[in-house]
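Here is a protein model to explore at your own pace. Take a look at the sequence and the 3D view first, then read on.

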Amino acid sequence: MKKGLTIMLAAAMLLFNACSKKDSDVVTSDNTWSLGSITHYVNTTAKTGGNTIVFNDSGDGHKGTLTVFFKTFPTAAGTYQLVPKTVLALGDKQCQLSTTDASGTTYDFATGTANVAISFNVKDQLSIAIPEITVANTPANALKLAATVYDED
């Protein structure tokens with residue numbers, strides 16, 4: 001009986017230690033995007049050029065990025081129209097996206113449109129919800145992408 005209790009306590013300690021992370025490494029289940037069959041977890045974000053936000057996954061072999069481009073960075077919640085990268089001049093409520101996989105291959109949203117939900121949480125962090133869309137690097141090499149990501153800063 002005593003040996004069984006010791007084994008259970010040891011197993012519980014291993015499980016607790018395996019699940020604990022530093023606060024800076026905490027990943028929430030809703031701060032992710034999927035590219036094909038791979039789920040990417042946002043580790044860091046970076047705003048660049050005043051109109052772009054990059055979500056980075058740099059962990060456990062699932063390295064990749066999700067980049068969203070705006071005409072001007074959103075300051076209010078609302079619906080934005082996702083348009084292909086072939087649209088050269090974005091409108092006020094439009095955005096574009098690009099993503100890379102673990103090998104560095106770039107995929108773009110190339111055809112059609114989709115509605116993207118922009119919101120801000122209580123910490124005033126930008127949140128972006130992207131429905132399932134198709135991204136491609138060539139017409140023959142296309143993957144499904146969906147995302148619910150927010151600014152880590």
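What follows is a walk through this predicted model, from the overall layout down to a few single residues.

**The big picture**

Let's start with the parts list. The protein has 1 helix and 11 strands, and if you read along the sequence the helix comes before the strands, giving the pattern α-β-β-β-β-β-β-β-β-β-β-β. Of its 153 residues, 33% count as buried. The accessible surface adds up to about 9,000 Å², and carbon and sulfur atoms own 58% of that. Then look at contacts between residues at least 6 apart in sequence: 49% of these join residues at least 24 apart.

How far can you trust the picture? The average pLDDT, which is the predictor's confidence on a scale from 0 to 100, is 82 for this protein, and 80% of the residues score at least 70. Residues 1–28 are another story: the pLDDT there is below 50, and the stretch has 4 contacts in the model beyond near neighbours in sequence. Where pLDDT is low, the predicted coordinates should not be read in detail.

**Who pairs with whom**

Next, the strands. Here are some of the pairs, with their bridges and one example of residues that face each other.

| Strand pair | Direction | Bridges | Example of opposite residues |
|---|---|---|---|
| Strand 3 (residues 44–48) and strand 4 | antiparallel | 5 bridges | Threonine 44 and asparagine 56 |
| Strand 4 and strand 5 (residues 64–70) | antiparallel | 6 bridges | Isoleucine 53 and valine 68 |
| Strand 8 (residues 106–109) and strand 10 | antiparallel | 2 bridges | Phenylalanine 109 and valine 135 |
| Strand 9 and strand 10 | antiparallel | 4 bridges | Isoleucine 118 and isoleucine 128 |
| Strand 10 and strand 11 (residues 141–150) | antiparallel | 9 bridges | Isoleucine 133 and leucine 145 |

Several of these pairs are hairpins. Strand 3 and strand 4 form one with 3 residues between them, and glycine 49 in the turn has a positive phi of about 60 degrees. Strand 9 and strand 10 form another, with 5 residues between the strands, and here aspartate 124 takes a positive phi near 65 degrees. In the hairpin of strand 10 and strand 11 there are 2 residues between the strands.

**A strand tucked inside**

Is strand 4 enclosed or open to the outside? Strand 4 covers residues 52–57, and 6 of its 6 residues are buried, so the rest of the structure largely encloses it. In a regular strand the side chains alternate between the two faces of the sheet. You can see this here: Thr52, Val54 and Asn56 point one way, while Ile53, Phe55 and Asp57 point the other, and all are buried.

Let's zoom in on one of them. Valine 54 lies in strand 4. Its relative accessibility is 16%, and buried means under 20%, so valine 54 counts as buried. Leaving out residues up to four places away in sequence, valine 54 touches Thr44, Thr45, Ala46, Thr65, Leu66 and Thr67.

**The nonpolar core**

Which residues have the most contacts inside the largest nonpolar core? They are Leu97 and Ile128, in a core of 26 residues. Strand 10 (residues 126–138) supplies the largest share of this core, with 5 residues.

Leucine 97 is worth a closer look. Beyond its neighbours within four places in sequence, leucine 97 is in contact with a long list of residues, including Leu66, Val68, Phe69, Leu82, Phe109, Ile130, Ile133, Val135 and Leu145. Some polar or charged residues are on that list too, among them Lys85 and Asp108. For a link back to strand 4, valine 54 and leucine 97 are 43 residues apart in sequence, yet 9.7 Å apart in space, C-alpha to C-alpha.

**A glutamine in a loop**

Our last stop is glutamine 125, found in the loop between strand 9 (114–120) and strand 10. Is glutamine 125 buried or exposed? Its relative accessible area is 9%, and the cut-off for buried is under 20%, so glutamine 125 is buried. Which residues does it touch, not counting those up to four places away in sequence? Glutamine 125 touches Ser119, Phe120, Tyr150, Asp151, Glu152 and Asp153. On top of that, a polar contact of 2.6 Å joins the side chains of glutamine 125 and asparagine 121.

Notes:
Residues numbered from 1 in each chain as written. Heavy atoms only, no water. Buried < 20%, exposed > 50% of the residue type's maximum accessible area, 1.4 Å probe, protein only. Contact = heavy atoms within 4.5 Å. Areas by Shrake-Rupley, 256 points an atom, 1.4 Å probe, with all protein chains shown as cover. Core = buried A, V, L, I, M, F, W, Y, C linked by side-chain atoms within 4.5 Å. Polar contact = N/O pair within 3.5 Å; in protein donor to acceptor, adjacent residues only side chain to side chain. Pairing = 2+ DSSP bridges.
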